[in-house]
Amino acid sequence: MENASKCDKKSILFLEAFHGGSHKQLIDLLENNFCDKCDVFCMSDKKWHWRMRTGSLYFARTIPREHSYRYLFTSANFNLAELIGLRPDLQKLEKILYFHENQLVYPVRKQQNRDFQYGYNQVLSCLAADVIYFNSVFNKESFLSSLKSYFNLMPDYKPDEKLLQEIQPKCHVLHFPISFPEITLEPANADMSADKPLHIVWAHRWEHDKNPDTFFDILYALKDEELDFQISVMGQGYADVPEVFAKAREDFKERIVTWGYLESKEEFLKTLSHADVAVSTALHEFFGVSMLEAVSCGCYPLCPKRLVYPEIFPDEYLYNTKNQLLKRLRQFCKRPETPRRHKVKVNLEKYSWNHLRQSYEELFKD
């Protein structure tokens with residue numbers, strides 16, 4: 001996506017350097033809501049590393065020189081400070097920075113593989129922004145509490161504690177707004193009987209930080225116990241898809257209901273509405289849109305007791321260890337009517353666009 005059609009008197013400038021997944025959902029939702037007031041410039045959801053490094057140059061050369069913007073809203077997926085340096089005319093705007101995730105605590109497989117620049121860009125963006133919003137308390141607290149240790153990676157000339165004092169007062173929590181679906185189809189899990197096998201769904205990015213190895217290890221264990229179940233494995237894959245997906249697709253081919261990325265949101269939600277249990281095994285999660293969407297479609301959630309999940313889900317939906325997750329799924333395989341009869345105790349309204357709309361509208365008061 002390049003940009004929305006341009007005309008004079010637009011007061012809001014939306015920027016998104018990674019127009020995919022939850023980033024796309026948010027910017028599209030805001031564009032639809034403020035369509036008569038905004039211009040939108042986006043970059044594709046490919047090669048996010050390069051978006052983080054060079055997005056500022058693209059935006060600096062793409063945003064019109066003549067404009068009437070009063071607000072700039074962007075995710076923390078490129079260096080906002082660089083953009084302001086390249087385009088000093090944007091300095092006077094109210095600069096709103098939104099964190100879907102933060103790079104200070106992103107799990108890398110080897111510490112030497114951590115690219116210091118990504119987190120550094122986000123810190124510089126915070127210094128350039130007027131106000132900063134995080135999608136969860138966990139996201140905010142993990143970022144602020146990691147500043148000191150992150151800069152300890154520097155060999156010398158490290159910033160002092162005044163850096164935190166400068167950034168912290170700007171920081172707030174504004175939950176990601178979800179337009180929850182109204183399921184009009186009769187979901188398969190409306191059948192409370194035990195005649196149909198348990199349908200397990202895993203709907204996350206196909207990358208190592210979502211920990212697919214643990215998920216498939218548990219499926220292999222259930223299969224070895226000769227338990228009956230079906231699976232839907234959805235989510236978007238990029239250049240470095242873990243090898244476990246190809247092997248699992250072959251090994252579980254008789255049990256697969258849906259496999260791969262679904263372009264149609266309607267088909268994605270339809271699959272969720274026909275599943276019984278939604279599983280996360282994530283090592284990296286600051287909100288978890290797909291898990292909340294799964295709950296809205298009738299799925300019983302099972303999430304690790306870490307990251308953002310304890311902030312959103314009650315204890316009964318959380319597990320501490322791999323064995324605990326295996327035990328829960330084993331029980332559900334034997335008695336699939338249990339999750340089908342269960343009414344999930346999660347406050348979805350708290351995260352709905354209907355509830356959060358006013359908070360977002362207040363960001364751009366005329």
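# Strands, helices and cores in a predicted model

Biologist: Is glutamate 226 buried or exposed?

Modeller: This is a predicted model. Glutamate 226 has a relative accessible area of 72%. The cut-off for the upper class is over 50%, so glutamate 226 counts as exposed.

Biologist: Where in the chain is glutamate 226 placed?

Modeller: Its phi is near 60°, a positive value in a residue other than glycine. As for its place, glutamate 226 is in the loop between α7 and β8.

Biologist: What is the relative accessibility of tyrosine 157?

Modeller: Tyrosine 157 is not a glycine, yet has a positive phi of about 55°. It is found in the loop between α5 and α6. Tyrosine 157 counts as exposed because its relative accessibility is 77%.

Biologist: What is the order of the strands in the open sheet of 6 strands?

Modeller: The pairing in this sheet is parallel. Strands β9 (256-259) and β12 (318-319) are at the edges, since each pairs on one side only. Reading from β9 across to β12, the order is β9-β8-β7-β10-β11-β12.

Biologist: Which strands does helix α9 touch as it packs on the sheet?

Modeller: Helix α9 covers residues 265-273. Its direction makes about 155° with that of β8. The strands it touches are β7, β8 and β9.

Biologist: Which strands does helix α10 lie across?

Modeller: Helix α10 spans residues 289-296 and runs at about 155° to β11. With β10 and β11, helix α10 makes a right-handed β-α-β unit. The strands it lies across are β7, β10 and β11.

Biologist: Which residue in β11 is the bridge partner of valine 279?

Modeller: β10 and β11 pair in the parallel sense. The pairing runs over 3 bridges. In β11, the partner of valine 279 is leucine 302.

Biologist: How many of the 5 residues of β11 are buried?

Modeller: Tyr300, Leu302 and Pro304 point one way from β11, while Pro301 and Cys303 point the other way. Side chains in a regular strand alternate between the two faces of the sheet. Residues on both sides of β11 are buried. The strand is therefore largely enclosed by the rest of the structure, with a buried count of 5 of the 5.

Biologist: Which residue in β12 stands opposite cysteine 303?

Modeller: β11 and β12 run parallel and are joined by 2 bridges. In one facing pair, proline 304 is opposite tyrosine 319. Cysteine 303 is opposite leucine 318.

Biologist: How many residues come from helix α7 in the largest nonpolar core?

Modeller: The core has 82 residues, and those touching the most other members are Phe14, Phe73, Ile200, Phe216, Leu222, Leu292 and Phe313. Helix α7 (residues 212-224) gives the largest share of this core. That share is 6 residues.

Biologist: Beyond four places away in sequence, which residues does phenylalanine 313 touch?

Modeller: Phe313 is one of the core residues that touch the most other members. Nonpolar side chains in soluble globular proteins tend to be buried together. Not counting residues up to four places away, phenylalanine 313 touches Met291, Leu292, Val295, Pro301, Cys303, Leu318 and Val346.

Biologist: How many of the 6 residues of strand β4 are buried?

Modeller: Strand β4 covers residues 94-99 and is joined to β3 by 5 bridges. It is also joined to strand β5 (residues 131-134) by 4 bridges. β4 is largely enclosed by the rest of the structure, because the buried residues number 5 of the 6.

Biologist: Which residue in β4 is the bridge partner of leucine 72?

Modeller: Strands β3 and β4 run parallel. Together with helix α3 (residues 80-86), they make a right-handed β-α-β unit. In β4, the partner of leucine 72 is lysine 95.

Biologist: How far apart in space are alanine 17 and methionine 52, C-alpha to C-alpha?

Modeller: Alanine 17 is in strand β1 (residues 12-19). At 0% relative accessibility, alanine 17 counts as buried. In sequence, alanine 17 and methionine 52 are 35 residues apart. In space, their C-alpha distance is 7.5 Å.

Biologist: Which backbone oxygen does the side chain of serine 146 reach?

Modeller: Serine 146 is in helix α5 (residues 137-151) and counts as buried at 12% relative accessibility. Leaving aside neighbours within four places in sequence, serine 146 is in contact with Leu104 and Val105. At 2.6 Å, its side chain reaches the backbone oxygen of serine 142.

Definitions and conventions:
Residues numbered from 1 in each chain as written. Predicted model: local features only at pLDDT ≥ 70, side-chain atom pairs only at ≥ 80, totals over all residues. Heavy atoms only, no water. Buried < 20%, exposed > 50% of the residue type's maximum accessible area, 1.4 Å probe, protein only. Polar contact = N/O pair within 3.5 Å; in protein donor to acceptor, adjacent residues only side chain to side chain. Contact = heavy atoms within 4.5 Å. Pairing = 2+ DSSP bridges. Axes fitted to C-alpha atoms, helices over the stretch in contact; angles between N-to-C directions. Core = buried A, V, L, I, M, F, W, Y, C linked by side-chain atoms within 4.5 Å. Right-handed = clockwise from strand over helix to strand, strands pointing away.
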